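Good morning, and thank you for making time for this short presentation. Please take a moment with the sequence and the model before I begin.

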Amino acid sequence: MEQRVNIKFCFKLGRTATETHELLMKAYGVDAVSKKCVFEWFKRFRDGKEDVKDEPRSGRPPTSTTPDNIERVRRMLADDRRLSLRMIAEELKISLDSVSNIIHEHLQKRKKKVYAFPTLLRSSNV
């Protein structure tokens with residue numbers, strides 16, 4: 001927010017976006033906003049938008065992690081524990097990330113490591 005106010009100040013003084021970005025780099029170093037961001041704010045100010053606050057958004061994005069989907073994943077795993085994330089995602093038509101989140105965060109399931117030990121070949125086994 002602070003840097004946006006500084007960008008607006010430089011814009012009002014008639015500085016260019018490039019000059020403004022150089023000043024921000026001197027003042028904030030690695031924490032300065034990107035040059036692209038400065039240009040975007042300059043465009044907003046040129047278009048007559050004076051507010052430096054973010055524009056309101058429609059809310060939280062839709063999610064597939066619903067109680068219904070959690071229960072469906074739980075039932076699928078109860079029927080067949082060998083199902084892959086991809087198989088579950090395709091069956092329920094939700095993303096792999098959502099399936100992974102449901103399994104690990106909501107159902108508290110973890111993948112077990114399986115170790116295979118080779119058997120010794122003996123003349124009696126051959």
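A residue is called buried here when its relative accessible area is under 20%, exposed when that area is over 50%, and partly exposed in between. Please keep in mind as well that this is a predicted model.

Let me begin with the overall arrangement. The protein chain contains six helices and zero strands, and along the sequence the pattern reads α-α-α-α-α-α. Of its 126 residues, 22% count as buried. The accessible surface comes to about 10400 Å², and carbon and sulfur atoms contribute 53% of that surface. As for contacts with a separation of 6 or more, 48% of them involve residues 24 or more positions apart.

I turn now to the aromatic residues. How many aromatic pairs does the count give? The count comes to three, and I shall describe two of them. F11 and F42 form an edge-to-face pair, with 5.3 Å from centre to centre and 85° between the planes. This pair links distant parts of the chain, since F11 belongs to helix α1, residues 2-13, whereas F42 belongs to helix α3, residues 35-46, and the two are 31 residues apart. Are these two residues buried or exposed? F42 has a relative accessible area of 3%, and is therefore buried. F11, with a relative accessible area of 23%, is partly exposed.

The second pair joins F11 to F45. Their ring centres are 5.6 Å apart and their planes stand at 45°, so this pair is tilted. The cut-offs matter for that assignment, because planes under 30 degrees apart would count as stacked and those over 60 as edge-to-face. F11 lies in helix α1 and F45 in helix α3, so the pair ties together parts that are 34 residues apart in sequence. F45 counts as buried, at 4% relative accessibility.

Taken together, F11, W41, F42 and F45 form one aromatic cluster. W41 has a further partner of another kind: the charged end of R44 sits over the ring of W41, at 4.2 Å from the ring centre.

The next topic is helix α2, where I have selected two residues. H21 is found in this helix, which spans residues 17-28. With a relative accessible area of 14%, H21 falls under the 20% limit and is therefore buried. Which residues does H21 contact, leaving aside its neighbours within four places in sequence? They are V33, S34, K35 and V38.

T18 is also placed in helix α2. At 29% relative accessibility, T18 counts as partly exposed. Its contacts, again leaving aside neighbours within four places in sequence, are with K35 and F39. K35 thus appears in the contacts of H21 and in those of T18. In addition, the C-alpha atoms of T18 and V38 are separated by 8.0 Å, although these residues are 20 residues apart along the chain.

I move on to helix α5, residues 85-92, in which I88, A89 and L92 are buried. Why may these be said to line one face of the helix? Seen down the axis of α5, the buried residues fall within an arc of 100°, so they line one face. A general point helps here: an α-helix has 3.6 residues a turn, so residues three or four places apart point the same way. The buried residues of α5 pack against α4, residues 67-79, and against α6, residues 96-106. On the other side of α5, R86, E90 and E91 are exposed.

Finally, I would draw attention to two backbone positions. Just after α5, K93 takes a positive phi of about 60°, although K93 is not a glycine. K93 is found in the loop between α5 and α6, and at 72% relative accessibility K93 counts as exposed. The second position is Q108, another residue other than glycine with a positive phi, here near 55°. Q108 is placed in the segment after α6. Its relative accessible area is 54%, and Q108 is therefore exposed.

To close, I would return to the aromatic residues: F11, W41, F42 and F45 form one cluster, and the F11 and F42 pair within it links helix α1 with helix α3. Thank you for your attention.

Definitions and conventions: Residues numbered from 1 in each chain as written. Predicted model: local features only at pLDDT ≥ 70, side-chain atom pairs only at ≥ 80, totals over all residues. Heavy atoms only, no water. Helix = DSSP H or I, 4+ residues; strand = E, 2+ residues; numbered from the N terminus. Buried < 20%, exposed > 50% of the residue type's maximum accessible area, 1.4 Å probe, protein only. Contact = heavy atoms within 4.5 Å. Arc of directions from axis to C-beta. Phe/Tyr/Trp six-rings, centres within 6.5 Å; stacked < 30°, edge-to-face > 60°. Lys NZ or Arg CZ within 6 Å of the ring centre and 35° of its normal. Areas by Shrake-Rupley, 256 points an atom, 1.4 Å probe, with all protein chains shown as cover.
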